[in-house]
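Q: Please take a close look at one part of this model, the shell around the ligand, and then set it in the context of the rest of the chain. Careful wording and explicit cut-offs would be welcome.

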Amino acid sequence: PRKIIIDTDPGQDDAVAILLALASPELEVLGITAVAGNIPLTLTSLNARKVVEVAGRTDVPIFAGCEKPLAHTLVTAEHVHGQTGLDGYDLPDPTLPLQPQHAVDFIIETLRAEPPGTVTLCPLAPLTNIATALQKAPDIAPKIAEIVLMGGAYFEVGNYTPAAEFNIYVDPEAAEIVFKSGVPLTVMPLDVTHRLLVTAPRVEALRALGNRTGEVVAGWIGFFERFDTAKYGSEGAPLHDPSTIAYLLDPTLFTGRHINVEIETTSPLTRGMTVADWWGVTDRAPNATFMGTVDAPGFFSMLTQRLASLP
Ligand code: BDR
Ligand code: CA
């Protein structure tokens with residue numbers, strides 16, 4: 001199986017991404033690293049432990065990482081995810097303890113210990129942990145197989161500000177470090193994730209799985225949806241983060257372009273914008289594969305089938 005580390009701020013859509021990964025024998029989740037984002041770190045690291053327990057996978061170690069962005073104060077998104085970050089289904093407090101090691105040190109030590117080019121990072125949150133690891137241990141950059149992240153936008157522009165997507169907006173300085181790192185990057189921007197709408201029949205298919213996971217996921221999505229349907233006027237909330245895991249499982253569900261992407265860090269108006277040269281109008285070197293299309297029915301049938309295998 002392909003070895004991955006999931007870096008996350010759960011968040012209902014993060015939680016679904018984690019469950020999809022744990023339901024997939026093609027992937028070996030070496031660890032889950034929590035970071036501040038949708039909600040503060042104490043809650044993201046708590047929620048990550050709750051989520052692996054839903055999957056019955058207490059063998060997956062959970063680490064807490066950075067509690068604030070590199071250069072700015074933390075902004076959160078309780079208005080989307082609720083006060084707990086996982087509103088919509090009440091889960092018991094986890095019995096799984098948090099690992100004592102800092103998430104950044106886990107990332108560094110794992111990349112140093114595993115053969116080069118064998119570990120993929122899947123960030124689903126602000127890039128603070130990943131950037132801190134790259135800054136602290138520049139030797140890990142050539143060892144990373146690939147970074148497959150959810151963040152940014154080009155035609156869809158922003159969801160947190162008119163110009164910026166939430167994950168990049170929260171820590172643009174960290175995003176800049178990652179986008180300039182030279183590590184192969186595959187990016188799932190809003191242009192892709194806004195096609196992954198959890199419509200009523202899709203929620204029903206999850207609930208109808210008959211396992212607890214289906215019930216939990218349907219509950220989460222029911223909450224998450226309230227905000228997004230009102231905001232976008234769409235038929236269901238976009239399920240952002242699981243796109244990254246789906247890409248690792250079946251890249252043929254997506255198409256994209258290898259382009260140059262720069263991160264705006266200074267302008268108060270457009271801070272956190274991913275300035276993506278989709279049309280190749282500059283001679284700046286490509287540094288990321290930005291995805292542009294997704295087979296949404298294919299994605300949802302994969303998700304539903306995979307989650308059926310969990311408790
Ligand atoms: C991203 O922001 C978070 O609220 C979601 O979990 C996702 O990672 C979407 O902009
Ligand atoms: Ca997230």
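A: A residue is called buried if 20 or more other C-beta atoms lie within 10 Å of its own, exposed if 12 or fewer do, and partly exposed in between, with C-beta atoms placed from the backbone. The model is predicted, so local features are used only at pLDDT of at least 70 and side-chain atom pairs only at pLDDT 80 or more, whereas totals for chains, interfaces and linings use all residues. Residues are numbered from 1 along each chain as its sequence is written, while chains are lettered from A and ligands numbered from 1 in the order in which they are written.

The shell around ligand 1 holds 15 residues, with Gly11, Asp13, Ala77, Phe166 and His240 as the closest, where a residue is near a molecule or strand if its C-beta atom, placed from the backbone, lies within 6 Å of it. Two elements give two or more residues each to this shell, namely helix H1 (12-22) and helix H6 (166-170); helices (H or I, at least four residues) and strands (E, at least two) are DSSP runs, numbered from the N terminus. By chemical character the shell comprises six nonpolar, five polar and four charged residues, on the convention that Ala, Val, Leu, Ile, Met, Phe, Trp, Tyr, Cys and Pro are nonpolar, that Asp, Glu, Lys and Arg are charged, and that the others, including Gly, are polar.

Gly11, named among the closest residues, lies in the loop between strand S1 (2-8) and H1, and the peptide bond that joins Pro10 to Gly11 is cis, with omega about 0°. Most peptide bonds are trans, and most residues other than glycine have a negative phi. Helix H1 itself is mostly covered, since eleven of its eleven residues are buried, among them Asp13, Asp14 and Ala15. On the route from strand S5 (residues 144-150) towards the other shell helix, the loop between S5 and H6 holds Val157, whose phi is near 55°, a positive value in a residue other than glycine. Val157 is partly exposed, with 18 other C-beta atoms within 10 Å.

From here the description moves to strand pairing. Strands are said to pair if DSSP finds at least two bridges between them. S5 and strand S6 (residues 185-188) pair in the parallel sense over four bridges, with Leu149 opposite Val187 in S6. S6 in turn runs parallel to strand S12, joined to S12 by two bridges, and there Val187 stands opposite Phe290. Both faces of S6 are covered, Leu185 and Val187 being buried on one side and Thr186 and Met188 on the other. S12 (residues 288-294) is largely enclosed by the rest of the structure, because five of its seven residues are buried. Strand S9 (residues 254-259) pairs with S12 in the antiparallel sense over six bridges, and Gly256 is found opposite Met291 in S12.

Two further helices can be set against H1. Helix H11 (residues 242-249) is mostly covered, with six of its eight residues buried: Pro242, Ser243, Thr244, Ile245, Ala246 and Tyr247. In helix H9 (residues 200-207), the buried residues include Arg202, Val203 and Leu206. These three cover an arc of only 100° around the axis, which puts them on the same side of H9, the arc being that of the directions from the helix axis to the C-beta atoms. The face of H9 turned away from the buried side carries the exposed residues Ala200, Pro201 and Glu204.

As for the whole chain, twelve helices and twelve strands are present. The radius of gyration is 18 Å, close to the 19 Å that the globule rule gives for 311 residues, so the chain is as compact as a globular protein of that length; the radius is taken over C-alpha atoms, and the rule is 2.2 Å times the number of residues to the power 0.38. Along the principal axes, the C-alpha atoms fill a box of roughly 50 × 45 × 35 Å, and buried residues make up 53% of the 311. Among contacts between residues at least 6 apart in sequence, 82% join residues at least 24 apart, a contact meaning that the C-beta atoms, placed from the backbone, lie within 7 Å.

Note on methods: Two residues are in contact if their C-beta atoms, placed from the backbone, lie within 7 Å.
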